[in-house]
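User: I've got a structure open here and I'd like to talk through how it packs. Can you take my questions one at a time?

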Amino acid sequence: AEAHNGRGEILWDEGRIDEAGYQFELATQADPKFVTAHLNRVELLIEELGEHEQAIAYCDRLLTGRDPLPRPDRSTEAELLYLKSKALFYLDDLEGALFLVRRAIRVTPDVAVYRAFEGQICFELGNFDDARRRLERAVALDPESAHALYHLGLALERLGQGPESLRALQ
């Protein structure tokens, strides 16, 4: 399973998406409890294939932890909630995406990428002050997060804080 998963990650990096997906599938067949391969499959469905509904259904199956699938630990549960949130975001269900990313944050509160995504969703919903607060927390957790800084700059710009916005965007 590890070998197939590793090969899938290499193929994904090379842009060979279909082959990568096949390797992740082989990894989950070799060891149905190999969590990393399942997470890679979900992310591939969302980010590369645009199969958002399929990704949501896959996340739901994984969250149940029924045999032969792995029972998710807390960090895996949070990651699945986050991935499901991303799929909903791409389907323009911003309220659903916000609900799920906040559930992920309740499970593991100090993950900067979850906080940044929460801020991005708040921004997309037009809640700029709330977005600013959420994104500032994400930047505090990871000062190098380009995603968080970019959206913080946008939120600050909408709030009329030009110099602060420019600093964040630079």
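**Packing, helix by helix**

User: Which residues have the most contacts inside the largest nonpolar core?

Analyst: Keep in mind that this is a predicted model. The largest nonpolar core has 43 residues, and the helices that each supply at least two of them are α3, α4, α5 (74-90), α6 (94-107), α7 (112-124), α8 (128-141) and α9 (146-158). Inside this core, the residues with the most contacts are V42, Y82, L83, V101, Y114, I121 and L135.

User: Which residues does a second, separate core include?

Analyst: That core is separate from the big one and has six residues. Among them are L11, W12, I17 and F24.

User: Let's zoom in on L135. What is L135 in contact with, leaving aside its neighbours within four places in sequence?

Analyst: L135 is one of the residues with the most contacts inside the largest nonpolar core. With those sequence neighbours set aside, the contacts of L135 are A116, G119, Q120, A148, H151, L152 and A155.

User: How many of the residues of α7 are buried?

Analyst: The list of buried residues runs A112, Y114, R115, A116, F117, E118, G119, Q120, I121, C122 and F123. What covers them includes α5, α6, α8 and α9. So α7 is mostly covered, buried here meaning under 20% relative accessible area, and the count out of its 13 residues is eleven.

User: How far does α7 reach from its first C-alpha to its last, and which residue with a positive phi follows α7?

Analyst: With 13 residues, α7 would be expected to span 18 Å at 1.5 Å a residue, and its reach of 18 Å is close to that. After the helix comes a residue whose phi is positive, near 85 degrees, and that residue is G126.

User: What about α9: why does its span agree with 1.5 Å a residue?

Analyst: Its 13 residues should span 18 Å at that rise, and the span agrees because the end C-alpha atoms of α9 are 18 Å apart. Just after α9, a positive phi of about 80 degrees is taken by G160.

User: What covers the buried residues of α9?

Analyst: The residues to cover are A148, H151, L152, G153, L154, A155 and L156. A148, H151, L152 and A155 are also among the contacts of L135. What covers the buried residues of α9 includes α7, α8 and α10 (162-169).

User: Is H52 buried or exposed?

Analyst: H52 has its place in helix α4. Not counting residues up to four places away in sequence, H52 touches I46, A87, Y90 and L91. Its relative accessibility is 12%, so H52 counts as buried.

User: Now for the gaps. Which helix gives the most to the lining of the largest pocket?

Analyst: That pocket has a volume of about 160 Å³, and I17, D18, G21, E25, R41, L44, L45, L49, Q54 and Y58 line it. By class, that lining has five nonpolar, two polar and three charged residues. At least two of the lining residues come from each of α2 (17-30), α3 (35-47) and α4 (52-64), but the biggest giver, with four residues, is α2.

User: And where does the largest share of the lining of the largest cavity come from?

Analyst: A search of the whole structure finds one cavity of 30 Å³ or more, and about 40 Å³ of space lies in the largest cavity. Its lining is V35, H38, L39, L62, P70, P72, T76 and L80, which by class has six nonpolar, two polar and no charged residues. Two or more of the lining residues come from each of α3 and α5, and the largest share, three residues, comes from α3.

Terms used. Residues are numbered from 1 along each chain as its sequence is written. This is a predicted model: local features need pLDDT of at least 70, side-chain atom pairs count only at pLDDT 80 or more; totals for chains, interfaces and linings use all residues. Side-chain values use heavy atoms; hydrogens and water are left out. On a 1 Å grid over the protein atoms alone, a cavity is a set of points where a 1.4 Å probe fits but cannot get out, and a pocket is an open set with protein on both sides within 12 Å along at least five of seven lines; lining residues have an atom within 4 Å of a point. Grid points are joined across faces, edges and corners, and a volume is the space filled by probe spheres set on the points. Ala, Val, Leu, Ile, Met, Phe, Trp, Tyr, Cys and Pro count as nonpolar, Asp, Glu, Lys and Arg as charged, and the others, Gly among them, as polar. A nonpolar core is a set of buried Ala, Val, Leu, Ile, Met, Phe, Trp, Tyr and Cys residues joined through side-chain atoms within 4.5 Å. Buried means under 20% relative accessible area, exposed over 50%, partly exposed in between (1.4 Å probe, protein chains only). Contact means heavy atoms within 4.5 Å. The expected span of a helix is 1.5 Å times one less than its number of residues.
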